[in-house]
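The exercises below ask you to look carefully at a sheet and at two pockets. Work through each task with the structure in view before you read its solution.

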Amino acid sequence: MKKRAVFLDRDGTINKDVGYPNSFSLIKIYPFSFEAIRKINEAGLLAVIVTNQSGVGRGLIVEKSLHDIHRKFKATFAKHDAHFDGFYYCPHYPSSLIPRYRKNCQCRKPNPGMALQAAEDLNIDIKKSYMIGDKVEDILFGLNIQAKPILVLTGFGKKSLLKLKEKGRIPAYAASNLLDAVNWILKIEKKASSGLN
Ligand SMILES: [Mg+2]
Ligand SMILES: [Zn+2]
């Protein structure tokens, strides 16, 4: 049977958005994120990070440092009994000075590439899945892949909500933060499994 996933943006959603952090010491994980990811795990949903990391293409982060950040990121969540089932990033930047990253790629959100790759790798039913993020492109990504898009009001969330309203692209839910978003998902999942939906 196919699995359902919660696709998650990283910066501004799970941790503070501080621009282009090139070391784990600059990553500040929101304190509520551990419980949020643990709850996704316990509900039997997959927790899958999909993050645009154009800092790589911009020459601000080397890919090796990004791998190191993500290794420590996972280890920190493991200490809190929480884990990620998938971890995808887009290193590209269309006007990168580094040829291998100079690409109008399919993986840069709002393009669907990272979700399609994850669906193939992890056997995910995307249309029964969710996307949580703080930026307009996260919500557009969720809409593009036909998952339920949830905006968090942390990071760029408040500005994004205004922009989305102007565009008439409304998220399924605007959550105060990641934990609120996950609690909303679990309510929906509970309703669905009890046949009320
Ligand atoms: Mg973000
Ligand atoms: Zn890409």
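**Exercise 1.** In this predicted model, find the second largest pocket and describe its volume and its lining.

*Solution.* Begin with the volume, which for the second largest pocket comes to about 210 Å³. Next, look for the residues around the pocket: 13 residues line the second largest pocket, and those closest to its centre are Arg-4, Lys-127, Lys-128, Ser-129 and Glu-189. Then ask which element contributes the largest share of this lining, and you arrive at helix α7 (residues 178–193), which gives 3 residues. Finally, sort the lining of the second largest pocket by character, which yields 4 nonpolar, 2 polar and 7 charged residues.

**Exercise 2.** Repeat the description for the largest pocket.

*Solution.* The volume of the largest pocket is about 310 Å³. Its lining consists of 16 residues, with Asp-17, Tyr-20, Asn-52, Lys-135 and Glu-137 lying nearest the centre, and the elements that supply two or more residues to this lining are β2 (46–52) and α5 (136–144). Sorting the lining of the largest pocket gives 1 nonpolar, 5 polar and 10 charged residues.

**Exercise 3.** In what order do the strands of the open sheet lie, and which are its edge strands?

*Solution.* Following the pairing from strand to strand, you obtain the order β3-β2-β1-β4-β5-β6 for the 6 strands, which pair in parallel. The edge strands are β3 (86–90) and β6 (173–175), since each pairs on one side only. As a check at one edge, strand β5 (residues 148–152) pairs with β6 over 3 bridges in the parallel sense, and Val-152 stands opposite Ala-175 in β6.

Terms used: Residues numbered from 1 in each chain as written. Chains lettered and ligands numbered in written order. Predicted model: local features only at pLDDT ≥ 70, side-chain atom pairs only at ≥ 80, totals over all residues. Heavy atoms only, no water. 1 Å grid on protein atoms, 1.4 Å probe; cavity = no way out; pocket = protein on both sides within 12 Å on 5 of 7 lines; lining within 4 Å. Points joined across faces, edges and corners; volume = space filled by probe spheres on them. Helix = DSSP H or I, 4+ residues; strand = E, 2+ residues; numbered from the N terminus. Nonpolar A, V, L, I, M, F, W, Y, C, P; charged D, E, K, R; others polar. Pairing = 2+ DSSP bridges.
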